[in-house]
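Work through the exercises below with the sequence and the 3D view side by side. Try each task before reading its solution.

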Amino acid sequence: MKRRNPRCHQCGEDLVARVAPPHLRKLRYEGSPYDVLIEGLPEWHCETCDLSVTDEDGDPVLQAALRKHIGLLSPEQIRAGLKSLNLSQDAFADRIGCAAESVSRWLNGAVLQSRTYDRLMRIYFHCPEVRGLLDSLGAGVHFGDHVIHTEAAAAAHCELVARDT
């Protein structure tokens, strides 16, 4: 069955599907507003009264633009990190301490990850030492109970943790 075009709530005329011209839109993330350049946004437009509205079809475009604007990892970048480490979504979630459903939502673009998780993922993907420490948490290894102030002390501590696992 063919989808019927919605009607304009101002004048009652049929709306026409189109791609909105590039424009700035204020989007919120973690409580702060950002002026984000939006390109390629599908919208419904009334040619009679010049009203434009968006629906859920525009959500992926808005999220991708916001993610790019604030510098979060994209779903493709997260997926590439998991693939390069040969990790499943469930194993990755367990290692960084979040729900597997969260990882799934980040990967399918349904939800933007927090800055905290974004930074943790970047560190996890980049630093083998961090991966080793986080991976060892599941083996009953405890760390972080005290602050290590020097690189030499940190290296010695990492060696002990690695030796004990």
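**Exercise 1.** Is Glu30 buried, partly exposed or exposed?

*Solution.* This is a predicted model. Begin with the place of Glu30: the loop between β2 (23-29) and β3 (32-38). Next, take its relative accessible area, which is 46%. Buried needs under 20%, and exposed needs over 50%. Glu30 is therefore partly exposed. Last, check the backbone. Phi of Glu30 is near 50 degrees, a positive value in a residue other than glycine.

**Exercise 2.** Find Asn86 and decide whether it counts as buried or exposed.

*Solution.* Asn86 lies in the loop between α2 (75-84) and α3 (89-96). Its relative accessibility is 72%. The cut-off for exposed is over 50%, so Asn86 counts as exposed. Its phi is positive too, near 55 degrees, and Asn86 is not a glycine.

**Exercise 3.** List the order of the secondary structure elements along the chain.

*Solution.* Count first: the chain has seven helices and five strands. Then read from the N terminus: β-β-β-β-β-α-α-α-α-α-α-α. Now look at the contacts with a separation of 6 or more. Residues 24 or more positions apart account for 52% of them. For burial, 28% of the 165 residues count as buried. The accessible surface comes to about 10800 Å², and carbon and sulfur atoms hold 52% of it.

**Exercise 4.** Which residues of helix α4 (residues 100-107) are buried, and why do they lie on the same side of the helix?

*Solution.* The buried residues are Val103, Trp106 and Leu107. They cover an arc of only 95 degrees around the axis, so they sit on the same side of α4. Then ask what covers them. The cover includes α2, α3 and α5 (115-126). After α4 comes Gly109, with a positive phi near 80 degrees.

**Exercise 5.** Which residues have the most contacts inside the largest nonpolar core?

*Solution.* This core has 14 residues. Those with the most contacts inside it are Ile78, Leu82, Phe92, Ile96, Val103, Trp106 and Met121. Trace them to their helices: α2, α3, α4 and α5 each supply at least two residues of this core. Now zoom in on Met121. Leaving out residues up to four places away in sequence, Met121 touches Leu73, Ile78, Phe92, Ile96, Trp106 and Gln113. A second, separate core has 13 residues, among them Tyr29, Val36, Ile38 and Leu62. As background, nonpolar side chains in soluble globular proteins tend to be buried together.

**Exercise 6.** Which residues form one aromatic cluster with Tyr124?

*Solution.* The structure holds four aromatic pairs. Take Phe92 and Tyr124 to begin with. Their centres are 5.6 Å apart, with 70 degrees between the planes. Edge-to-face needs over 60 degrees, so this pair is edge-to-face. The pair links distant parts of the chain: Phe92 is in helix α3, Tyr124 is in helix α5, and 32 residues separate them. Tyr124 also pairs with Phe125. Here the values are 6.5 Å centre to centre and 75 degrees between the planes, again edge-to-face. Put the pairs together: Phe92, Tyr124 and Phe125 form one aromatic cluster.

Finish with burial. Phe92 and Tyr124 are both buried. For Tyr124 the relative accessibility is 1%, and buried means under 20%, so Tyr124 counts as buried.

Methods
Residues numbered from 1 in each chain as written. Heavy atoms only, no water. Helix = DSSP H or I, 4+ residues; strand = E, 2+ residues; numbered from the N terminus. Buried < 20%, exposed > 50% of the residue type's maximum accessible area, 1.4 Å probe, protein only. Contact = heavy atoms within 4.5 Å. Areas by Shrake-Rupley, 256 points an atom, 1.4 Å probe, with all protein chains shown as cover. Arc of directions from axis to C-beta. Core = buried A, V, L, I, M, F, W, Y, C linked by side-chain atoms within 4.5 Å. Phe/Tyr/Trp six-rings, centres within 6.5 Å; stacked < 30°, edge-to-face > 60°.
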